[in-house]
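Let's walk through this model together, from the overall fold down to one odd backbone angle. Have the viewer open as you read.

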Amino acid sequence: MTSLLSLSIAMFAGLMMTRAVKRLHLPDVTAYLVAGVLIGPCCIGALNIPGIGFTDYSQLESLKLISNVALGFIAFSIGNEFRLSQLRETGRQALIIGVLQAVATTLLVDAALLALHWLKPEALSLPAAITLGAIAAATAPAATLMVVRQYKAHGPLTDLLLPIVALDDAVGLVLFAVSFGVARALGSGVVDVYTIVINPVIEISASLLLGAAAGLGLTYIEKLFSSNTNRLAMTISFVFLTVALSMVKIQLGPVTLSFSSLLVCMMLGSVFCNLCPLSEEIMENSDRWTAPLLVLFFVISGAELELGVFQQLSSVVIGIVYILSRSLGKYLGARESARFAGCDKKVVRYLGTVSYTHLRA
């Protein structure tokens with residue numbers, strides 16, 4: 001009962017906070033995150049009143065399933081941006097920008113954190129600096145999707161932005177695997193080719209295959225129903241199933257086969273939207289159904305913020321350097337790669353700004 005009460009308070013707090021930030025012209029996502037911080041273990045939750053906020057981080061850990069399912073639906077919705085009719089126009093540009101801006105961000109953050117390591121090696125180790133640089137490549141698609149939905153944004157910039165955000169995850173996965181392998185090699189002195197090269201290729205390939213198979217299955221099964229209610233229920237159940245399957249790890253001798261739930265669900269949505277003639281209506285209904293789930297996702301994400309790290313000066317300095325270099329990397333990387341890809345002048349002008357503001361959100 002306590003968990004259910006906490007969830008209801010979380011949703012209520014998130015929705016009410018949107019009224020408070022409306023005058024500031026901030027997106028609802030910001031309101032949800034702020035509400036999460038306020039009812040989290042560092043603020044109201046610290047009062048230790050059962051059912052009023054989240055009293056400890058273990059309680060938030062038990063709600064991880066909600067976050068996983070919400071991310072699954074977010075990825076499923078973003079898969080809708082990979083319709084072949086759209087990719088014929090923007091696919092090449094999205095691919096170029098998605099790869100180049102991610103690599104540029106990683107290199108810039110690596111350079112900034114390596115400089116910090118050489119200045120204060122006791123504050124930040126070399127392997128940690130390299131790993132943090134790889135993490136900087138990926139941007140969570142949830143905030144972008146929610147802001148686009150809230151303001152009902154349409155146009156060349158939005159059509160290009162969402163596929164780029166989706167590609168971030170695949171590129172970020174490769175960059176993280178390579179950087180993590182290098183970091184481990186620096187620590188142990190042994191170069192692990194499997195971790196650096198083979199593992200990311202296997203994980204991405206397996207994720208895409210699983211998502212494609214699920215998309216084919218959903219497309220076929222949807223044809224068996226004529227009721228929109230039943231079709232929506234089947235779509236929701238398939239996203240649940242896909243998220244569950246993507247969490248499975250399979251041991252094949254020395255190889256551990258794992259999946260990226262974001263890539264799996266994106267592929268599910270991509271295959272489904274290209275093969276099912278009813279996909280637009282079904283996905284639109286699915287987006288309405290998942291709205292409360294996404295509110296909870298962002299409120300829980302805000303509650304997970306541990307404000308105690310700000311008590312350590314070294315952590316604050318590392319955080320500032322990381323945020324500034326990552327913001328600059330996203331801004332310059334997106335703008336210059338858009339220019340290189342031959343995008344419209346307005347897209348070149350604003351894509352970097354949108355990437356930067358998305359990162360701040």
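What follows starts with the ground rules and then moves from the whole chain to a single loop.

This is a predicted model, where local features need pLDDT of at least 70, side-chain atom pairs count only at pLDDT 80 or more, and totals for chains, interfaces and linings use all residues. Residues are numbered from 1 along each chain as its sequence is written, and side-chain values use heavy atoms, with hydrogens and water left out.

So how sure is the predictor? Mean pLDDT (its confidence in each residue, from 0 to 100) is 82 for the chain, with 93% of residues at 70 or more. Helix α10 (residues 228–246) has the highest confidence, with a mean of 91, while helix α14 (residues 345–360) has the lowest, at 66.

The chain holds 14 helices and two strands; these are DSSP runs numbered from the N terminus, H or I of at least four residues for helices and E of at least two for strands. Its 361 residues give a radius of gyration of 21 Å, which agrees with the value near 21 Å for a compact globule. That radius is taken over C-alpha atoms, and the globule rule is 2.2 Å times the number of residues to the power 0.38.

Now zoom in on H25, in the loop between α1 (2–21) and α2 (28–39). Most residues other than glycine have a negative phi. H25, not a glycine, has a positive phi of about 60°. It is exposed, with a relative accessible area of 69% (exposed means over 50%, buried under 20%, partly exposed in between, with a 1.4 Å probe and protein chains only). Across the chain, 47% of the 361 residues count as buried.

Technical notes:
pLDDT is the predictor's confidence in each residue, from 0 to 100.
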